[in-house]
Amino acid sequence: PAVGVSTWHRPQDVFSTFSMRIFLSVGPFLDVAQGVQASEAGGKLLDFLGVRSQPTVAMVIKHLRNLMAKGEPPHSDVYRFLSETKEPKALGPLRSEPCLWSGGRYYRPDATFIEEHSFGARRYRLDREWQRFAHLLHTLNVKRTPDAADARAVLLELEHDHANNLPLSEDDFRIAFSCWQVISQEADSLNDDWFRDLRDRKVVPNIARILTKPTWLFFRDRP
């Protein structure tokens, strides 16, 4: 028997309930009192029958995606399991998905940082509790602080959001300025190809705080 369904399953098709919190929406789970499952005799019987206790990485990711779709928070053990997995390559698709729950909502890994940043509400600093899952953050390419690539992404985001050519808000104006500060700090290590993508984009606010094309990039003096 399985929890919540009337049909019976083969032993190898159900899971014990010990770790159900990390893949609750996936299952199915054995409909037998946990005390029985945890007993010595019960444990031996479940092992003999082939009832599994641990999910696959794919099952935990599926459960996390189900929660993401509903906007519901995951149990912290979900992230602990993913952080400890021996299959880090399986986590690759999550890098582009809003899978990190922090501050009451989900964020994409590339929109978060471990330390403080200067991108205002357009990026997010993860809660301190995320330090427990450092390996997961590393696998998902969450950076400690923003770099030039992050600044460029924010600038292009600003351009997209202000396609109507209206002036930037005070916050977005400060963010655009901060982006160029980050880029300037790494300018010596960035080649012309890196800047070429920005030359025809409206990513520099003028005196009226309207984004314009950075024509001055055509005159960068390089040896």
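Colleague: Before we look at any residue, what does "exposed" mean here?

Modeller: A residue is exposed when its relative accessible area is over 50%, buried when that area is under 20%, and partly exposed in between. Keep in mind that this is a predicted model. Take Glu116: its relative accessibility is 61%, so Glu116 counts as exposed.

Colleague: Thanks! Which residue does the side chain of Glu116 meet in a salt bridge?

Modeller: The general idea comes first: side chains of opposite charge can pair when their charged atoms come close. Here Glu116 pairs with Arg125, with 3.4 Å from N to O. Arg125 has a relative accessible area of 31%, so this residue is partly exposed.

Colleague: How many salt bridges are there in the whole structure?

Modeller: A search finds 18. A nice one to look at joins Arg122 and Asp161, whose closest N and O atoms are 2.8 Å apart. This pair links distant parts of the chain, 39 residues apart: Arg122 sits in the loop between β3 (112-113) and β4 (124-125), while Asp161 belongs to helix α6 (residues 148-161).

Colleague: Are those two partners buried or exposed, or something in between?

Modeller: Arg122 is buried, because its relative accessibility is 17%. Asp161, at 38%, is partly exposed. The two also take part in a network of salt bridges that links Arg122, Arg123, Glu157, Asp161 and Asp172.

Colleague: Where could I practise reading another salt bridge?

Modeller: Try Lys143 and Asp150, whose side chains meet at 3.1 Å, N to O. Lys143 is partly exposed at 28% relative accessibility, whereas Asp150 is buried at 9%.

Colleague: Now the inside of the protein. What should I know about nonpolar side chains?

Modeller: In soluble globular proteins, nonpolar side chains tend to be buried together. In this model, the largest nonpolar core has 31 residues, and Leu64, Tyr79, Leu82 and Leu100 touch the most other members. The elements giving two or more residues to this core are α3, α4, β1, β2 and α5. Of these, α3 supplies the largest share, seven residues. There is also a second, separate core of 21 residues, which includes Phe113, Val154, Leu158 and Ile175.

Colleague: Which residues of helix α4 are buried?

Modeller: In α4 (residues 76-84), the buried ones are Asp77, Val78, Tyr79, Phe81, Leu82 and Ser83. They pack against α3 (57-70), β1 (100-102), β2 (105-107) and α5 (134-139). Try selecting Tyr79 on its own. Setting aside neighbours within four places in sequence, its contacts are Leu64, Pro74, Cys99, Leu100, Trp101, Tyr106, Trp130, Phe133 and Leu136.

Colleague: And what comes after α4 in the chain? Where does Thr85 lie?

Modeller: Thr85 lies in the loop between α4 and β1. Being in a loop does not settle how covered a residue is, so look at the value: Thr85 has 12% relative accessibility and counts as buried. Not counting residues up to four places away in sequence, Thr85 touches Val57 and Leu91.

Colleague: You mentioned Cys99. How many disulfides does a search find?

Modeller: A disulfide is a covalent bond between the sulfur atoms of two cysteines. The search of the whole structure finds zero. As for accessibility, Cys99 is buried, with a relative accessible area of 1%, and Cys179 is buried as well, at 0%.

Colleague: Last topic: aromatic rings. How many aromatic pairs does the structure hold?

Modeller: There are seven. To read a pair, check how far apart the ring centres are and the angle between the planes: under 30 degrees is stacked and over 60 is edge-to-face. Tyr107 and Tyr124 have ring centres 4.1 Å apart and planes at 10°, so this pair is stacked. Tyr107 is in strand β2 and Tyr124 in strand β4, so the pair ties together parts that are 17 residues apart in sequence. Both tyrosines are buried.

Colleague: Which two residues form an edge-to-face pair?

Modeller: Trp130 and Phe133 do, at 5.7 Å centre to centre with 80° between the planes. Trp130 is buried at 2% relative accessibility, and Phe133 is buried at 4%. Ring pairs join both of them with Tyr79 in a cluster.

Colleague: Which residue lies over the face of Tyr107?

Modeller: That is Arg105, at 4.3 Å from the ring centre. Likewise, Arg209 lies over the face of Phe173, at 4.3 Å from the ring centre.

Technical notes. Residues numbered from 1 in each chain as written. Predicted model: local features only at pLDDT ≥ 70, side-chain atom pairs only at ≥ 80, totals over all residues. Heavy atoms only, no water. Buried < 20%, exposed > 50% of the residue type's maximum accessible area, 1.4 Å probe, protein only. Helix = DSSP H or I, 4+ residues; strand = E, 2+ residues; numbered from the N terminus. Contact = heavy atoms within 4.5 Å. Core = buried A, V, L, I, M, F, W, Y, C linked by side-chain atoms within 4.5 Å. Salt bridge = Lys/Arg side-chain N within 4 Å of Asp/Glu carboxyl O. Disulfide = S-S within 2.5 Å. Phe/Tyr/Trp six-rings, centres within 6.5 Å; stacked < 30°, edge-to-face > 60°. Lys NZ or Arg CZ within 6 Å of the ring centre and 35° of its normal.
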